[in-house]
Amino acid sequence: MRAASRSNRFMGECAMAVSDHVDLNGFVEGVKKRNPGQPEFVQAVQEVAEDIFDFIQDKEAYHREQILRRIAEPDRVISFRVCWEDDAGNIRVQRGWRVQNNNSIGPYKGGIRFHPSVTEGTLKFLAFEQTFKNALTGLPMGGGKGGSNFNPKGKSDREVMRFCQSFMNELYRHIGADIDVPAGDIGVGAREIGYMFGQYKRLTNEFTGVLTGKGLEYGGSLIRTEATGYGATYFLLNMLKTKGEDLQGKVAVISGSGNVATHAAEKVTMLGGKVVTLSDSDGFVHDPAGMTQEKINWVKQLKNVRRGRISEYVDAFPGSSYHADKTPWGVPCDVALPCATQNELLGADARLLVANGCKAVSEGANMPTDLEGVHVFKDARILFAPGKAANAGGVAVSGLEMSQNSARISWKEEELQRLLIDIMDGIHARCMEYGQQGGGYCDYVKGANIAGFKKVADAMLAYGVV
Ligand code: NDP
């Protein structure tokens with residue numbers, strides 16, 4: 001009773017100073033008003049605020065210093081024109097961005113996305129999520145994200161090179177090994193990182209760890225390519241272990257067929273699971289016999305070398321079927337790993353997964369489940385790991401790449417594999433610390449949001465109002 005009246009009085013005092021903090025709805029309305037036309041950013045902030053509001057209720061310093069309001073406002077958004085020439089000699093104009101969300105606990109860190117759907121709002125949501133994810137890893141990295149509406153699909157290597165060089169001609173002014181360290185994301189793999197790093201080196205005459213995901217020949221780290229998909233699978237395994245289970249014999253449905261999806265499929269298979277689907281933006285393949293390492297290697301080759309479509313899988317592997325314009329969530333499974341893109345798993349898909357007996361969902365992609373779907377999983381009390389926790393293995397190994405670059409050394413694969421497992425175990429433990437709801441249920445979304453927020457928020461308190 002005393003606690004409640006103290007909290008009400010406190011919220012009343014805050015209401016006089018800051019109307020945004022009156023209640024959750026008021027806060028979210030304020031975010032909407034300040035960020036028009038950016039629904040993904042509002043969605044990401046709302047998901048975090050739903051958990052953080054309760055947590056900060058009785059913590060006066062966070063209110064007084066307006067920490068939540070400040071974390072939800074990027075430190076800066078850099079927007080720039082990117083001109084390049086295609087193979088036919090036409091001048092093409094794209095837009096590029098770098099969103100530097102928060103560097104309270106380390107240099108800005110987060111990937112670069114090249115996809116026609118990219119907008120400033122997409123990158124603001126990703127940079128916001130990245131801030132909490134990076135904090136969860138326990139490594140000293142702030143949150144950022146960048147990208148362009150450039151579409152690498154169907155472009156020649158030379159066109160991609162010219163675009164990457166032009167993109168870096170502006171970006172290089174804003175990044176640096178101790179300032180902001182970008183990496184890959186959708187549409188940005190080893191080829192694009194190589195072109196961008198080459199141009200950065202040429203412009204600055206410096207060889208520093210300014211990008212991660214580099215080739216092994218020029219400062220890259222072993223297991224960086226595998227780390228996100230492997231990490232999401234380790235997180236899944238950790239959740240199953242809390243129920244005395246593992247992946248042996250479990251049927252897994254995976255979306256996407258890029259870096260994260262193929263490495264999640266590989267690790268699930270290594271741990272005894274049976275992966276029956278992969279997808280791309282045109283549809284999904286269903287392989288009831290399950291994917292072997294040989295089949296997964298074929299998909300890697302298809303996507304990274306031939307740059308083909310997942311529909312080609314059915315010609316190579318009889319017994320499988322292709323489903324155009326469909327997502328894989330209707331295929332019955334024990335576990336699901338959405339590894340393609342944001343909002344690819346909606347409320348109705350979540351209900352279908354639960355109805356079909358899915359026990360655990362580990363998000364390899366960033367915010368693949370929409371808010372309704374998150375609520376469905378929470379209400380059903382299934383094991384549900386949000387991307388900011390489950391897919392943090394990639395940025396964690398990027399952090400290890402930064403350390404190796406600074407020290408000018410290369411760690412051995414076994415050492416890195418061990419560190420990745422340790423880091424994913426640590427993230428799982430941090431989520432459990434703040435997410436336990438009693439009755440054996442852990443709300444991993446809440447746990448991840450609070451643990452990530454607390455670390456960044458406490459650093460911000462130390463700095464005063466900056
Ligand atoms: P890739 O570019 O390697 O692969 C992306 C995959 O998702 C492709 O199969 C692609 O299909 C599919 N996809 C992209 N857009 C859509 C869409 N609108 N609808 C359906 N499918 C789509 O990217 P990554 O594997 O690196 O990234 C996948 C997700 O994981 C993203 O959310 C990313 O932010 C997240 N992530 C990645 C990390 C990394 O280390 N790479 C780290 C942490 C998170 P298509 O070929 O048709 O475009």
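These are short questions and replies on helix contacts, burial, cysteines and backbone angles in a predicted model.

Me: What makes H3 roughly perpendicular to H18?
Reply: The axes of helix H3 (residues 39–56) and helix H18 (residues 444–463) cross at roughly 70°. Angles from 65 to 115 degrees count as roughly perpendicular. Therefore H3 is roughly perpendicular to H18. The two axes come within 9 Å, and the crossing is right-handed.

Me: Which residues make the contact of H3 with H18?
Reply: From H3 come Glu47, Val48, Asp51, Ile52, Asp54, Phe55 and Ile56. From H18 come Val445, Lys446, Asn449, Ile450, Phe453 and Lys454. By class, the contact has 7 nonpolar, 1 polar and 5 charged residues.

Me: Why is H6 called roughly perpendicular to H18?
Reply: Helix H6 (residues 120–136) and H18 have axes that cross at roughly 85°. The range for roughly perpendicular is 65 to 115 degrees, so H6 earns the term against H18. The axes come within 8 Å.

Me: What makes up the contact of H6 with H18?
Reply: H6 gives Thr131, Phe132, Ala135 and Leu136. H18 gives Ala448, Asn449, Ala451, Gly452, Phe453, Lys455 and Val456. These residues divide into 7 nonpolar, 3 polar and 1 charged.

Me: Why does asparagine 449 count as buried?
Reply: Asparagine 449 is found in helix H18. Its relative accessibility is 0%. Buried means under 20%, so asparagine 449 is buried. Leaving aside neighbours within four places in sequence, asparagine 449 is in contact with Glu47, Val48, Asp51, Ile52, Phe132 and Lys388.

Me: Which residues of H14 are buried, and what do they pack against?
Reply: In helix H14 (residues 371–380) they are Leu371, Gly373, Val374, Val376, Phe377 and Lys378. They pack against H3, helix H13 (347–355), strand S11 (360–362), strand S12 (383–385) and H18. Arginine 381 follows H14 and has a positive phi, near 55°.

Me: How do you know that cysteine 431 has no bond to cysteine 442?
Reply: Their sulfurs are 6.9 Å apart, and cysteine 442 holds the closest cysteine sulfur to that of cysteine 431. A disulfide needs the sulfurs within 2.5 Å. The separation is therefore too far for a bond. The structure holds 0 disulfides. Cysteine 83 is in no disulfide either; its nearest cysteine sulfur, in cysteine 164, is 15 Å away.

Me: Are these cysteines, 431 and 83, buried or exposed?
Reply: Cysteine 431 has 0% relative accessibility, under the 20% cut-off, so it is buried. Cysteine 83 has a relative accessible area of 33%. That value falls between 20% and 50%, so cysteine 83 is partly exposed.

Me: What makes glycine 440 exposed?
Reply: Its relative accessible area is 52%. Exposed means over 50%, so glycine 440 is exposed. Glycine 440 is found in the loop between helix H17 (413–435) and H18. The C-alpha atoms of glycine 440 and lysine 243 are separated by 8.8 Å, though the two are 197 residues apart along the chain.

Me: Why is isoleucine 223 called buried, and asparagine 343 partly exposed?
Reply: Isoleucine 223 has a relative accessible area of 5%. Under 20% is buried, so isoleucine 223 is buried. Asparagine 343 has 26%. Partly exposed runs between 20% and 50%, so the term fits asparagine 343. Isoleucine 223 lies in the loop between helix H8 (190–204) and helix H9 (224–241), with phi near 60°. Asparagine 343 lies in the loop between strand S10 (335–338) and H13, with phi near 50°.

Definitions and conventions
Residues are numbered from 1 along each chain as its sequence is written. This is a predicted model: local features need pLDDT of at least 70, side-chain atom pairs count only at pLDDT 80 or more; totals for chains, interfaces and linings use all residues. Side-chain values use heavy atoms; hydrogens and water are left out. Axes are lines fitted to C-alpha atoms, for helices over the stretch in contact, and angles run from 0 to 180 degrees between N-to-C directions. Helices (H or I, at least four residues) and strands (E, at least two) are DSSP runs, numbered from the N terminus. Angles under 35 degrees count as roughly parallel, over 145 as roughly antiparallel, 65 to 115 as roughly perpendicular and the rest as oblique. A crossing is left-handed if the near helix is turned anticlockwise from the far one by less than a right angle, and right-handed if clockwise. Contact means heavy atoms within 4.5 Å. Ala, Val, Leu, Ile, Met, Phe, Trp, Tyr, Cys and Pro count as nonpolar, Asp, Glu, Lys and Arg as charged, and the others, Gly among them, as polar. Buried means under 20% relative accessible area, exposed over 50%, partly exposed in between (1.4 Å probe, protein chains only).
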